Amino acid sequence: MNPDRPGPLFIVGAPRSGTSLLYKLLCLHREAAWISNWSRRVPGVAAVAVLNRVAPRFPATRRSVWFGADTANAYVYGRRRAMWERLYPMPVEGEPVYQHCGVGVGGPAGRRCEDEQAACLRGAFAGIRRWSGGRVVISKRIANNQRIPFLAAAFPGSRFLHLVRDGRAVAYSLSRVDWWEDGVVWWYGDTPRRWREQGGDPWELVATHWVRELASVGEGLRAVAAERQLELRYEQLVGEPVTALQRAARFAGLADDPGWLAELGRLRYPNKDEAWRERLTPEARDRVEAIQRAELLRLGHAG
């Protein structure tokens, strides 16, 4: 790996673990390159990444668009936004960039061999890095939890940051987000709506999903050298955000950046882990904990 051009950083973790928040916070760094809403629209046109350079020119606007008016919400898609906000460059998961290279899809592109997919994705990331002016490509995509061995082989200098959150908080959060009900759950093969219609317990599904995502990440990371992995806890991120983010940035190969630290100091980091304690019914909590108990104990989240 070229020390002056580190490989990409892939953020992995169960959905609703704070990965979107971590992703955007790292993308505030002047050396970060990222898949934007524009690259998602036209994944085959690397030059649109030049629009990434617009975001840091208007820091107050960037804070508002990326994190919401209260600068504490990484998931801004659920609220109504003006057209200019939807067009403003912002880090996104960017699945179309992966699909453009045939990663994780069927059809003609999906029939590419893995070597061809890897070469295409390396080219796409290089274009994003070059046109955006960054040094390190940071990518957060939940589907990458199941792609870790492929990504590690495609990018020999890549690193993987695993963000872990209490499974009970994840289960409660999943039960409330608007996209969960009709999204296909990869290990089930259908939607939560279908699960419920077939008589399944919704709490069983959200609780099991956290367990399955942790297992998938853990299995994938066994193919990755220890020095290319970093585990970070959600509690660390919101409890000591600057310390946790500096550790993550050093791991990613990002240089010290006083301007980035100053920008981090302008944001708020509310700990949303207590909501499940207050709002889960005793029956729902018992159901979730029964399914997650082994992993909760392993991670020190029992109680």
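Here is a short chat about the cores, the cysteines and one pocket of this predicted model.

Visitor: Which residues have the most contacts inside the largest nonpolar core?
Guide: That core takes in 62 residues. Ranked by contacts inside the core, the leaders are Leu22, Leu25, Leu26, Trp66, Leu121 and Ile138.

Visitor: What does Leu121 touch, not counting residues up to four places away in sequence?
Guide: Leu121 is one of the residues with the most contacts inside the largest core. Leaving out residues up to four places away, its partners are Val97, Tyr98, Cys101, Phe150, Leu151 and Phe155.

Visitor: How many residues are in the second, separate core?
Guide: Leu174, Trp195, Val288 and Leu296 are among its members. The full count for this second core is 18 residues.

Visitor: Which cysteines does the disulfide join?
Guide: There is 1 disulfide in the structure. Two sulfurs count as bonded within 2.5 Å, and this pair sits at 2.2 Å, S to S. One partner is in the loop between α5 (95–100) and α6 (107–110), the other in helix α7 (residues 114–132), 19 residues apart. The pair is Cys101 and Cys120.

Visitor: Are Cys101 and Cys120 buried or exposed, and what is the handedness of their link?
Guide: Both Cys101 and Cys120 are buried. The angle about their S-S bond is -70 degrees. That makes the link left-handed.

Visitor: Why does Cys27 have no bond to another cysteine?
Guide: Cys27 is buried, since its relative accessibility is 2%. The closest cysteine sulfur to its own belongs to Cys101. That is too far for a bond, because the gap is 19 Å.

Visitor: And why is Cys113 without a bond?
Guide: Cys113 is partly exposed, with a relative accessible area of 39%. Its closest cysteine sulfur is in Cys120. No bond there, because the sulfurs are too far apart, at 11 Å.

Visitor: Which residues lie nearest the centre of the second largest pocket?
Guide: The space in that pocket comes to about 270 Å³. Its lining has 19 residues. Nearest the centre are Leu28, His29, Arg30, Pro56 and Arg62.

Visitor: Which elements give two or more residues to the lining of the second largest pocket?
Guide: One strand and two helices do so. They are β2 (32–34), α3 (59–67) and α14 (258–264).

Visitor: How do the residues of that pocket's lining divide into nonpolar, polar and charged?
Guide: Pro counts as nonpolar and Arg as charged, and Pro56 and Arg62 are both in this lining. For the whole lining, the split is 8 nonpolar, 6 polar and 5 charged.

Conventions. Residues numbered from 1 in each chain as written. Predicted model: local features only at pLDDT ≥ 70, side-chain atom pairs only at ≥ 80, totals over all residues. Heavy atoms only, no water. Core = buried A, V, L, I, M, F, W, Y, C linked by side-chain atoms within 4.5 Å. Buried < 20%, exposed > 50% of the residue type's maximum accessible area, 1.4 Å probe, protein only. Contact = heavy atoms within 4.5 Å. 1 Å grid on protein atoms, 1.4 Å probe; cavity = no way out; pocket = protein on both sides within 12 Å on 5 of 7 lines; lining within 4 Å. Points joined across faces, edges and corners; volume = space filled by probe spheres on them. Helix = DSSP H or I, 4+ residues; strand = E, 2+ residues; numbered from the N terminus.
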